[in-house]
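Visitor: I should like to be guided through this structure by way of questions. May we begin once it is shown?

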Amino acid sequence: MPYTLDQLNDATQAEAEQMLDGLYEHTPWIAAEALKQRPFRSLAQLKWAMADILARSDVEAQLALIRAHPELAGKAMVAKSLTAESTNEQSKAGLTDCTPEEFERIQRLNADYNAKFGFPFILAVRGPRGTGLARQQIIDTFARRLDNHPDFERAEALRNIHRIAEIRLADKFAAEPTLGNAAWDAHERLAQHSDPGFKEAGQLTVTYLTDAHRACAAQIRADMQEAGFDEVHVDAVGNVVGRYKADPAVRHPKTLMTGSHYDTVRNGGKYDGRLGIFVPIACVRELAGAGRRLPFDFEVIGFAEEEGQRYKATFLGSGALIGQFNPDWLGQADADGVTMQQAMAHAGLNPADIKGLKRDPAKYLGFIEVHIEQGPVLNELNLPLGVVTSINGGIRFVGEFIGQASHAGTTPMDRRRDAATAAAELALYMEERAAKDGDSVATMGMLEVPSGSINVVPGRCRFSLDMRAPNDAQRDRLAADVLERLQQIAMRRGLNYRLEESMRAAAAPSAPEWQRRWEAAVDSLGLPIFRMPSGAGHDAMKLHEVMPQAMLFVRGENSGISHNPLESSTADDMDLAVRAMQHLLQAVATETTTK
Ligand SMILES: [Zn+2]
């Protein structure tokens with residue numbers, strides 16, 4: 001019989017320790033320590049408590065826990081001397097059926113890894129969905145993690161140990177994350193559609209209005225219909241719009257909007273944007289399945305375009321809803337010379353109808369968005385969810401220093417006009433200046449010496465500047481300092497420069513009442529409330545211009561890497577995101593009916 005949380009809370013310390021036996025391999029003290037904090041409101045709270053205890057213990061205790069684990073597909077597995085839990089996990093991942101070559105490779109990786117780090121390689125081989133990673137995925141992860149810095153890898157081993165404990169705990173309590181599993185599977189299905197050239201390489205790329213993009217729209221539309229939405233359609237800009245209607249008896253005049261984008265960057269991740277579509281779909285599926293309605297209309301939108309990959313314009317999907325679609329964009333051509341106008345015609349969309357997509361903000365309660373964090377913070381803190389305080393404002397420039405190309409051998413150091421060292425100097429200044437703010441960031445992501453040679457002093461150097469801060473004034477001070485330094489560098493080095501502002505986006509602080517609702521939702525799950533700014537831009541930024549908004553972040557695995565195929569999230573974290581949104585919807589339902 002699976003345990004229940006009440007049983008755990010009511011048991012004696014000794015009984016409770018027995019119930020949690022085996023969560024952390026040969027290391028019962030972690031659970032024993034955490035159990036002193038009973039009663040727990042949720043298993044999520046217990047998991048957080050255990051992770052927190054380990055995070056606060058010394059490095060020796062952490063290493064002892066890591067070393068208590070067996071090698072993957074190691075001698076203990078062959079000799080069948082593993083714990084029951086480890087045997088289950090290693091066989092679920094198919095490690096007991098390795099080919100001789102795979103086994104050989106893993107043994108070599110084990111040896112290299114141990115030599116470098118001094119502890120065994122630990123991987124939650126049941127993976128983000130709990131059903132087991134493929135052997136090739138395991139070997140690839142193993143090889144990749146060998147390159148990590150030792151401090152980082154120790155932390156990564158601990159994160160994997162917490163994930164192993166999470167799965168073992170779910171087994172003990174029959175706490176399958178069913179809502180999260182469904183959401184996870186939906187992402188897998190959607191990720192089958194990828195643009196030509198990328199699909200063959202096993203990469204995910206879905207850019208605006210390609211066939212793969214339209215297949216995604218069709219899939220999301222079908223998912224919404226299956227979930228029980230009352231109205232689903234694809235609008236004139238390609239957004240998939242679903243509406244779950246209010247209970248007519250108590251219908252509030254305003255609608256709550258949520259959503260995120262389904263396009264991707266080139267060779268991107270499966271969760272960026274899409275999580276913010278599948279989480280609310282899961283909520284509607286639960287409501288519809290239970291025959292329940294909210295007192296307000298719930299509008300869920302899969303935005304067609306956010307990433308600006310095929311055309312220069314970005315936020316086409318959410319921008320259209322606030323009346324920001326510029327008809328001039330229709331003339332933009334993609335890399336193959338296909339204009340946006342032609343792409344729309346091919347997709348059966350009528351650009352003339354885009355104007356009509358503009359929403360009347362007076363008819364909306366607000367906008368909420370769930371998004372994968374796309375950064376390392378939650379992962380590092382062992383927190384599944386974070387509440388966004390503000391979407392950072394940003395400003396971008398593309399520029400060029402113009403000096404004098406000259407012979408690298410014959411031009412003395414004091415007679416050079418080196419454009420590349422000027423850019424390097426500027427990059428170092430940006431790094432120092434942004435760090436001074438604490439929460440600003442500045443990046444020179446593009447740096448190029450056009451047709452440079454090994455024996456020529458660079459005469460030209462192109463570069464980009466990207467600067468972001470939680471509010472506009474801070475962003476503007478940062479940018480002003482960087483531009484002033486740029487001028488000084490050019491003057492001192494005798495260079496000309498060109499500089500063009502290519503993007504300016506206002507910061508979007510969360511609406512306090514919506515941020516509070518997310519906070520209450522996170523708290524209701526027994527999790528600590530962690531507030532953080534969003535470093536990346538999101539669709540919520542656009543809706544922010546016309547209505548209150550607030551976002552919820554979900555932890556990304558692999559240090560939160562995003563815009564990359566390694567982007568990952570677990571079914572358990574998605575489950576928490578769905579339940580957070582359910583809580584928020586219920587809270588808004590209560591507020592709107594009692595007001
Ligand atoms: Zn995104």
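Visitor: Which helix gives the most to the lining of the second largest pocket?

Guide: This is a predicted model. Several helices, namely helix 4, helix 9, helix 10, helix 11 and helix 21, each supply at least two residues of that lining. With 7 residues, the one that gives the most is helix 10.

Visitor: How many charged residues does the lining of the second largest pocket have?

Guide: The pocket holds about 1000 Å³ of space and is lined by 46 residues, with G127, P128, E557, N558 and S568 nearest its centre. By class, 17 of the lining residues are nonpolar and 13 are polar, while the number of charged ones is 16.

Visitor: Which helices are included in what covers the buried residues of helix 11?

Guide: Helix 11 runs over residues 178-190 and reaches 18 Å from its first C-alpha to its last, close to the 18 Å expected. Its buried residues include L179, W184 and H187. Among the elements covering the buried residues are helix 12, helix 13 and helix 21.

Visitor: Why does the pair D272 and H371 tie together parts that are far apart in sequence, and how many residues apart are they?

Guide: The protein donors of the zinc ion are H261, D272 and H371, at 2.0 to 2.2 Å from it. Both D272 and H371 are buried. D272 lies in the loop between strand 3 and helix 13, whereas H371 lies in strand 5, so the parts that the pair ties together are apart in sequence by 99 residues.

Key
Residues numbered from 1 in each chain as written. Predicted model: local features only at pLDDT ≥ 70, side-chain atom pairs only at ≥ 80, totals over all residues. Heavy atoms only, no water. Helix = DSSP H or I, 4+ residues; strand = E, 2+ residues; numbered from the N terminus. Expected span 1.5 Å × (residues − 1). Buried < 20%, exposed > 50% of the residue type's maximum accessible area, 1.4 Å probe, protein only. Contact = heavy atoms within 4.5 Å. Donors = N, O, S within 2.8 Å, 3.2 Å for Na, K, Ca; no water. 1 Å grid on protein atoms, 1.4 Å probe; cavity = no way out; pocket = protein on both sides within 12 Å on 5 of 7 lines; lining within 4 Å. Points joined across faces, edges and corners; volume = space filled by probe spheres on them. Nonpolar A, V, L, I, M, F, W, Y, C, P; charged D, E, K, R; others polar.
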